[in-house]
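Let's go through this one by asking how each label is earned. Ready to look?

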Amino acid sequence: MDRELALELVRVTEAAAVSSAQWMGRGKKNEADDAATSAMRGMFDSISMEGTVVIGEGEKDQAPMLYIGEELGNGNGPAVDIAVDPLEGTNIVAKGHNNAMAVIAAADRGALLHAPDMYMEKIAVGKKASGKISLDDPIEKTIDIVAKANNKRIHDLTVIVQERPRHEELVERVRAKGARVKLFGDGDVGASIATCLPHTGVDLFVGRGGAPEGVISAAAIKCLDGDMQARLVPKNDEEAQRCIGMGLEDPEQLLTLDDLVQSDDAIFAATGVTEGELLNGVKFLGGELTETDSIVMRAKTRTVRFIKANHQLDHKPNFVY
């Protein structure tokens, strides 16, 4: 993929973030999501690529735009798979909480797992523990491995887990082992990426969440030299058949990072919508002036860029405001 594409994708996440941020704290998650999706869709039209949405807002008959199979870009450029979450954290924005982002992952055509919308067991770590974890290990053993790899005492290790009833036993086991637990509400893309960025203080991500978000996270983790494993969790025969239709002989097989992103040329881009540990949120500075905070990275070069930008909204026709 052209390296220029990485910076072009940031323009897309910026548009989605600014457009949705205007709904922050208003209690209207659908409106925030619609604004992000519309802005993202409009900006994609200006990008030189032949993009196909493989993870999006739903099937064609369920989503008016950014649906699975939709073609994006102006047709002049690389053929790529696109995974999007125009607003990761719709409830976060509606309530005015932290860590909402607009995110995109891109990779060579056919490289991203076409994950259906179902649950996925996930585990993620940063570079130092890469290659040493297994989703099949008990959490107690994993904590020992990650603590040793990160040169930390167990009681200094931070495990990030989504705050859900399904994780109550897991949380108790982590605490019984002596590690620290950091709970989060929504937004497991940002939570999993945090394991790869030392300034967050997060060492291990584990739990069950959405499969589409898992693939997007995997693209970012590959760019950051981290590691991730996953396993789809179909809840019935229909979901199991969807997994088989994706090419998985065993719907519950262990998926490595290379199964999730089957290319060393992947791009991840995100812009903060609300304040977070990874990125600052959109700031409306008065008049038409707005500030965004973004990250963009490439797996091929392991380049990570943090981009702070000022936008004059009256000169941004693709922003929804």
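Q: This is a predicted model. What does Thr 158 touch, leaving aside residues up to four places away in sequence?
A: Its contacts are Arg 180, Lys 182, Gly 201, Val 202, Asp 203 and Leu 204. As for its place in the fold, Thr 158 belongs to strand E6 (residues 158-162).

Q: Why is Thr 158 called buried?
A: Buried means under 20% relative accessible area. Thr 158 has 5% relative accessibility, so it counts as buried.

Q: How do you know that the buried residues of helix H8 sit on the same side?
A: Those residues are Glu 239, Ala 240 and Cys 243. They cover an arc of only 105° around the axis, so they end up on the same side of H8. It fits a general rule: an α-helix has 3.6 residues a turn, so residues three or four places apart point the same way.

Q: What do the buried residues of H8 pack against, and which residues are exposed on the other side?
A: The buried ones pack against strand E9 (227-233). Over on the other side of H8, you'll find Asp 237, Glu 238, Gln 241 and Gly 245 exposed.

Q: What makes Asn 236 a cap for H8?
A: At the N-terminal end of H8, a side-chain oxygen of Asn 236 lies 3.2 Å from the backbone nitrogen of Glu 238. A polar contact needs a pair of N or O atoms within 3.5 Å, so that distance fits.

Q: And what happens just after H8?
A: There, Gly 247 takes a positive phi of about 105°.

How values were computed:
Residues are numbered from 1 along each chain as its sequence is written. This is a predicted model: local features need pLDDT of at least 70, side-chain atom pairs count only at pLDDT 80 or more; totals for chains, interfaces and linings use all residues. Side-chain values use heavy atoms; hydrogens and water are left out. Helices (H or I, at least four residues) and strands (E, at least two) are DSSP runs, numbered from the N terminus. Buried means under 20% relative accessible area, exposed over 50%, partly exposed in between (1.4 Å probe, protein chains only). Contact means heavy atoms within 4.5 Å. The arc is that of the directions from the helix axis to the C-beta atoms. A polar contact is a pair of N or O atoms within 3.5 Å; within protein, one must be able to donate a hydrogen and the other to accept it, and residues adjacent in sequence count only if both atoms are side-chain atoms.
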